[in-house]
Amino acid sequence: MFSKKDLEIKTSELSEKGRMELASNARNAWVDLINNIELAGEEVGLSVDQIERMLGNLREYLQMLFLALDNHRSDVSELEAEMLNRSFRLTSEEEELSPQAYMALYRTAQKQQGELESQLEKVFETFMPMSHAWIVSCRDPYVASEDPMLKFVEALGKAVTSDDLRVTEHETRQLAKITAAVRAVAAKLESGALGDKPAEAAPEDPLDEGDDSVAITAPGDKPAPVSAPVSAPAREPSPEALRASLAKLHELIGLKGVKQEVETLANLAKVILMRREHGMPVPDIGLHAVFSGNPGTGKTTVARIVADIYFNLGMLSKGHLVEVDRAGLVANYVGQTATKTAAVVRSALGGVLFIDEAYALAQLASEQDFGREAIDTLLKLMEDHRDDLVVIVAGYQAPMESFLGSNPGLRSRFQRYIAFENYTPEELLQIFELQASKLAYTLDSDAREAAATVLAARLAANPQSFANGREARNLFERCIAMQANRVCADPNISKEALSRITVEDVRQAAAN
């Protein structure tokens, strides 16, 4: 039985800061889990899209599972949404779900709680062997109690059950079921009882068993498979894949200057390779880069595309992206930061290491801060692995300048600077309309004008820290929440009305 004592939480004494620390612990465990699964997926030849679909399904499944923990909840509060957003967040630019979005997941979780629980072990048996395989491939021993899925589930359990400052008996019983399922799979992996699937067969999809399966995709979407054949061949660089990566870059809204800079990087890499093939001297030009700009400007998305471009040019052996921030590099005690940073760099070899809010590594003036130790370790490893590692550091422009000036080696290592400007009002409206189109919503003409006015006003009011694409997505989410309040009062609502967003929906969304 997973008791309240096991949670190690005295909820009556837990401060808001303490709750946020629990969410931060869950977030770090999520990053570790994601990195393990991504690396294992790359190792067996899964495409980036396949891995992203798998992880998207896993995220939504776990969100629903933990929302279902609390059977007395009547709605999802701002605090509960923040706890889940922090727990599942990878970078500061990653899209956050609103309380309304979590409420929709919660209603689904209530209806499907039995199915969710019945799928527990099968879902974990799909994902955990992937991270197990990666750990073993690195010649590290697999220890059941250290399994990244188990550590994440336990950390998330502490965060979610403490969000309302109380832990109920129901919550501990439900959490016991979840952790018991993870531990059972971890024990099988440690003992060797859970072997690899046959090479010629794809692993069974535990979330796709007919009409009674647990659907964890967006409403109206066809559930995506959460697994793929582990026998898939490793991907190879190709001109076609390179063209596809560049096309994906140019399909992004806005970012004209960024696209030009990335094209220049790609052309530079091509020329270096051609000179090398002809036996000519190769200029000593680093490919590490600084991405500076406000949140929501697509820095993480572009970094992922850059990783693909370098892979398909033959500059990187794997082309995966490992995302991390200060918390993923810096430890709490003397002597641990160098080891932690080295482990992250090792996981990124052959690909791109993306350090979000990198300036946080150098912001504390105290000599006891371990951020500087992380920087020193990173600089050495960047030099040691310069032929098969690209590091991209990202953050607000002014703090990034201070970061680069904090250590003499930083500015010399990072020779490429790409500025991500705020989106224009027109581009913000395009992002808003794209969100609507994806979910089959239509905008009245005056609603479109109102959304454009709201986004332009918010950009003008706060250009230095404007959230850009995230701001447009958040406004859209508020609009559909206001539309839901409006149409639910009509018992004979039509399909057309369900898809229509009016000017009043936009005005109410902007006011809330």
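In this tour, helices and strands are DSSP runs numbered from the N terminus, a helix having at least four residues. Keep in mind as you click along that this is a predicted model.

**Stop 1: the largest cavity**

Start with the empty spaces inside. The structure holds four cavities of 30 Å³ or more, and the largest cavity contains about 90 Å³ of space. To see its walls, select Glu38, Glu42, Val48, Ile51, Glu52, Arg304, Ala307, Gly319, His320 and Leu321, the residues that line it.

Now colour three elements: α2 (16-43), α3 (48-67) and α12 (299-312) each give two or more residues to the lining of the largest cavity. Which element gives the largest share of that lining? Here α3 leads, with three residues. If you colour the lining of the largest cavity by class, you will find four nonpolar, two polar and four charged residues.

**Stop 2: a pair of phenylalanines**

Next, turn to the aromatic rings. There are five aromatic pairs in the structure. Select phenylalanine 291 and phenylalanine 420: their ring centres are 5.0 Å apart and the angle between the planes is 45°, a tilted pair. Follow the chain away from each ring and you will see that the pair links distant parts of it, 129 residues apart. Phenylalanine 291 sits in strand β1 (residues 289-293), while phenylalanine 420 belongs to strand β5 (residues 416-420). Are these two rings buried or exposed? Both phenylalanine 291 and phenylalanine 420 are buried.

**Stop 3: an edge-to-face pair**

Move on to tyrosine 441 and phenylalanine 476. Their ring centres lie 5.8 Å apart with the planes at 80°, so this pair is edge-to-face; the cut-off for that label is over 60 degrees. Tyrosine 441 is in the loop between α18 (425-438) and β6 (442-443), and phenylalanine 476 is in helix α20 (residues 469-487), so the pair ties together parts 35 residues apart in sequence.

Why does phenylalanine 476 count as buried? Its relative accessibility is 3%, and buried means under 20%. Add Phe432 to your selection, and you have one aromatic cluster made of Phe432, Tyr441 and Phe476.

**Stop 4: two cysteines**

Finish with cysteine 479 and cysteine 488. Cysteine 479 has 0% relative accessibility, so it counts as buried. Cysteine 488, in contrast, is exposed, with a relative accessible area of 66%. How many disulfides does the structure hold? The number is zero.

Technical notes:
Residues numbered from 1 in each chain as written. Predicted model: local features only at pLDDT ≥ 70, side-chain atom pairs only at ≥ 80, totals over all residues. Heavy atoms only, no water. Phe/Tyr/Trp six-rings, centres within 6.5 Å; stacked < 30°, edge-to-face > 60°. Buried < 20%, exposed > 50% of the residue type's maximum accessible area, 1.4 Å probe, protein only. 1 Å grid on protein atoms, 1.4 Å probe; cavity = no way out; pocket = protein on both sides within 12 Å on 5 of 7 lines; lining within 4 Å. Points joined across faces, edges and corners; volume = space filled by probe spheres on them. Nonpolar A, V, L, I, M, F, W, Y, C, P; charged D, E, K, R; others polar. Disulfide = S-S within 2.5 Å.
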